[in-house]
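Q: Please take a close look at the surroundings of the ligand. Then go on from there through the rest of the chain, in plain steps.

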Amino acid sequence: MAKKNVTVSLEGAVKTDAGLTYKGVIMEPVVDQCEGCDRVVTFEDNTYCPTYAQPSIKWSKGVCNFATHARAEVDKTGKVKVNPLKASKRAARGR
Ligand code: SF4
């Protein structure tokens, strides 16, 4: 499968009293699990995800399906596990 280039930006985002507004949505800062993801964008003093406005909710239901640094794997017992190493090795090899 060909590697997809991830291009993300918060162009047009506006800081308001309610928070950072992007395309009419209030953006929440990224969470710890997002660290290493290519979609994280720094805007002024915080980091945000242009792909998903509420990263904490995305991760509360398991591994974020938009993440570029981690993926969910189902082990032999049927449990879903996060495997950030596999994604990291793949990135290091350039695939
Ligand atoms: S795509 Fe998912 S893992 Fe990546 S920054 Fe956004 S919410 Fe976080």
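A: A disulfide is a pair of cysteine sulfur atoms within 2.5 Å of each other. By that rule, the structure holds zero disulfides. The model is predicted, so local features need pLDDT of at least 70 and side-chain atom pairs count only at pLDDT 80 or more, while totals for chains, interfaces and linings use all residues. Residues are numbered from 1 along each chain as its sequence is written, and side-chain values use heavy atoms, with hydrogens and water left out.

Cysteines do appear around the ligand: Cys-34, Cys-37, Cys-49 and Cys-64 are among the residues that surround it. To belong to this shell, a residue needs a heavy atom within 4 Å of the ligand. The other members of the shell are Arg-39, Val-40, Pro-55, Trp-59, Phe-66, Ala-67 and His-69.

What kinds of residue make up the shell around the ligand? They divide into nine nonpolar, one polar and one charged. Here Ala, Val, Leu, Ile, Met, Phe, Trp, Tyr, Cys and Pro count as nonpolar, Asp, Glu, Lys and Arg as charged, and the others, Gly among them, as polar.

Two of the shell cysteines can be placed by their accessibility. Cys-37 has a relative accessible area of 13% and is buried (buried is under 20%, exposed over 50%, partly exposed in between, with a 1.4 Å probe and protein chains only). Cys-64 is also buried, at 11% relative accessibility. For the chain as a whole, 28% of its 95 residues count as buried.

Next comes the chain that carries this shell. Its secondary structure comes to two helices and seven strands, where helices (H or I, at least four residues) and strands (E, at least two) are DSSP runs numbered from the N terminus. Read from the N terminus on, the elements run β-β-β-β-β-α-β-β-α. The helix α1 covers residues 55-60, the strand β6 covers 72-74, and the loop between α1 and β6 contains Gly-62. This glycine is partly exposed, with a relative accessible area of 33%. The C-alpha atoms of Gly-62 and Ala-72 are separated by 8.1 Å, with their positions 10 residues apart along the chain.

Other pairs bring the earlier strands into view. Ala-13 lies in the segment before β1 and is buried, at a relative accessible area of 15%. In sequence, Ala-13 and Ile-26 are 13 residues apart; from C-alpha to C-alpha they are 9.7 Å apart in space. Tyr-48 is found in strand β5, and its 3% relative accessibility makes it buried. The C-alpha atoms of Tyr-48 and Pro-29 are 4.7 Å apart in space, although the two are 19 residues apart in sequence.

Two loops hold residues with a backbone angle worth noting. Most residues other than glycine have a negative phi. Lys-23, in contrast, has a positive phi near 55°. The residue is found in the loop between β2 (19-22) and β3 (25-27), and at 70% relative accessibility it counts as exposed. Glu-44 likewise has a positive phi near 55° and is not a glycine. Its place is the loop between β4 and β5, where it counts as exposed at 57% relative accessibility.

Which side chains meet in a salt bridge? Those of Asp-45 and Lys-15 do, at 3.8 Å from N to O. A salt bridge is a side-chain nitrogen of Lys or Arg within 4 Å of a carboxyl oxygen of Asp or Glu, and the structure holds one. Asp-45 lies in the loop between β4 (41-43) and β5 (46-48) and Lys-15 in strand β1 (residues 14-16), so the pair ties together parts that are 30 residues apart in sequence. Side chains of opposite charge can pair when their charged atoms come close. The two partners are not equally open: Asp-45 counts as exposed at 63% relative accessibility, whereas Lys-15 is partly exposed, with a relative accessible area of 39%.
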